[in-house]
Amino acid sequence: MTMTVKAYGATSQDAPLEPMTIERRDVGEHDVLIDIDYAGICHSDIHTIRGDWGPITYPQVVGHEIVGRVAEIGSAVTKHRVGDIVGVGCQSNSCRTCAQCVQGHDQYCLNGNTQTYNSVDPADGTITQGGYSQAVVTNEDYVLAIPAGLDPAKTAPLLCAGITAYSPLRHWNAGPGKRVGVIGMGGLGHMGVKIALALGAEVTVLSRGAKKQSDALAFGATRYVNTTDQAALAELADSFDLIVNTVSAGLDIATYLGLLDVDGTLVNVGAPSEPFSVPAFSLVPRRRSLAGSTTGGIAEIQEMLGFCAEHGIHPETELVSAEEINDAWERVLSADVRYRFVIDTHTL
Ligand code: NAP
Ligand code: ZN
Ligand code: ZN
């Protein structure tokens with residue numbers, strides 16, 4: 001017998017999100033039932049519903065930045081207890097046996113991991129439904145423990161925005177002496193700035209206009225550069241070790257490759273539908289690299305949560321009710337988010 005919960009989702013590519021009910025599977029022996037308290041709004045939610053990444057099946061409920069309380073556990077669950085404050089991010093399962101899963105890189109599962117929404121659930125063959133809802137049932141191994149030092153109301157965005165920034169910064173060794181640039185200061189970008197600073201790097205924010213300058217400097221950024229100022233950008237040529245691109249739209253990537261020093265890397269985490277145009281000579285004469293990265297493995301997410309608790313890092317959030325979700329999406333699309341919307345799921 002499945003359980004019916006309230007949610008907010010889409011019935012088509014173009015329709016506004018609306019209240020609906022969805023089914024959650026039975027709590028299996030390795031499952032955890034989570035009463036959701038907070039769900040972050042990620043730009044990927046919007047790309048998915050609006051068909052930017054290809055057609056999907058509707059109705060669809062999105063949301064992969066989930067924080068709540070354990071309401072029930074399956075008979076074999078050992079990792080979580082009823083009442084624990086927990087989280088769920090982008091992956092809700094993976095094969096566990098491929099070369100990537102074995103190394104803890106379940107975000108790169110070679111057999112295709114189960115995303116928290118818009119994926120086929122191996123448990124029952126249904127399409128997974130995300131966190132804009134009252135409750136979710138998730139395998140215990142893909143449920144994160146939220147450290148006591150983190151405020152649950154501000155923690156949901158760490159489950160995607162936080163880890164998506166943290167993983168490449170760690171992989172490419174952001175730290176003391178490293179000159180790091182972050183392109184786009186939205187949900188991912190502002191977490192990238194805070195985490196890179198906590199890792200000890202020198203951090204330059206690359207953002208359009210001057211609207212976010214005072215915030216960037218308040219976060220501790222070393223420098224702020226208005227990317228619409230061509231002369232200011234030109235002065236940064238050959239000056240970065242690492243640049244993280246978090247922009248949700250197409251970008252003249254060659255301009256930013258030109259800002260990398262010899263052996264520098266530009267890691268793209270943004271996921272626009274438009275392709276990048278990469279001239280050979282933006283890479284070749286400086287042995288530069290253009291790379292990509294997605295989220296992080298479950299173990300790394302747990303590590304990142306501990307890092308944020310230890311360093312007192314939290315996302316800047318604005319709490320919204322269910323009926324404000326459509327407006328919040330419009331504000332994300334116009335880059336008018338400071339810096340992550342979080343849905344109070346009790347208002348569903
Ligand atoms: P967001 O909050 O909307 O931030 C995106 C930022 O991109 C904006 O704040 C803006 O920064 C900049 N931007 C937007 N439109 C632009 C344009 N036309 N030209 C130049 N800059 C523009 O989005 P998010 O939630 O951080 O997500 C960012 C992207 O990463 C999305 O494509 C999302 O799907 C993707 N994503 C990827 C992963 C992954 O695993 N790789 C995970 C999560 C999200 P400024 O105002 O500062 O210029
Ligand atoms: Zn996301
Ligand atoms: Zn795998």
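Here are legends for a handful of close-up views of this predicted model.

Local features are described only where pLDDT is at least 70 and side-chain atom pairs only at pLDDT 80 or more, while totals for chains, interfaces and linings use all residues. Residues are numbered from 1 along each chain as its sequence is written, chains are lettered from A and ligands numbered from 1 in the order in which they are written, and side-chain values use heavy atoms, with hydrogens and water left out.

**View 1. The shell around ligand 1.** Ligand 1 is surrounded by 28 residues, where a residue counts if one of its heavy atoms lies within 4 Å. The closest are His 43, Met 185, Ser 207, Lys 212 and Arg 340. By type, the shell splits into eleven nonpolar, 14 polar and three charged residues; here Ala, Val, Leu, Ile, Met, Phe, Trp, Tyr, Cys and Pro count as nonpolar, Asp, Glu, Lys and Arg as charged, and the others, Gly among them, as polar. Helices H1 (43–49) and H4 (187–198) each chip in at least two residues, and H1 gives the most, with three. Helices (H or I, at least four residues) and strands (E, at least two) are DSSP runs, numbered from the N terminus.

**View 2. Polar contacts to ligand 1.** These are pairs of N or O atoms within 3.5 Å. A polar side-chain atom of Arg 340 sits 2.6 Å from an oxygen atom of the ligand, and one of His 47 sits 2.8 Å from a ligand oxygen. Gly 186 joins in with a backbone N or O atom, 3.4 Å from an oxygen atom of ligand 1. Of the 920 Å² of accessible area that ligand 1 has on its own, the protein covers 90% (Shrake-Rupley method, 1.4 Å probe).

**View 3. Where the two domains meet.** The chain is divided into domain 1 (3–160 + 316–347) and domain 2 (162–292), with bounds from an automatic or database domain assignment. Their C-alpha centres lie 28 Å apart. Across the boundary, 14 residues of domain 1 are in contact with 20 of domain 2, meaning heavy atoms within 4.5 Å. The buried area, which is the accessible area (1.4 Å probe) lost by both parts together, is about 1400 Å², with carbon and sulfur atoms giving 51%. Cys 160, Glu 316 and Tyr 339 supply 41% of what domain 1 buries here, more than any other three residues. Each domain also lends at least three residues to the shell around ligand 1.

**View 4. Unusual backbone spots.** Most peptide bonds are trans, and most residues other than glycine have a negative phi. A cis bond joins Tyr 58 and Pro 59, with omega about 0 degrees; Pro 59 is in the loop between H1 and strand S4 (66–73). Another cis bond links Arg 338 and Tyr 339, with omega about -5 degrees. Asn 173, not a glycine, has a positive phi of about 60 degrees.

Technical notes:
Polar contact = N/O pair within 3.5 Å; in protein donor to acceptor, adjacent residues only side chain to side chain. Buried area = accessible area lost by both parts, 1.4 Å probe.
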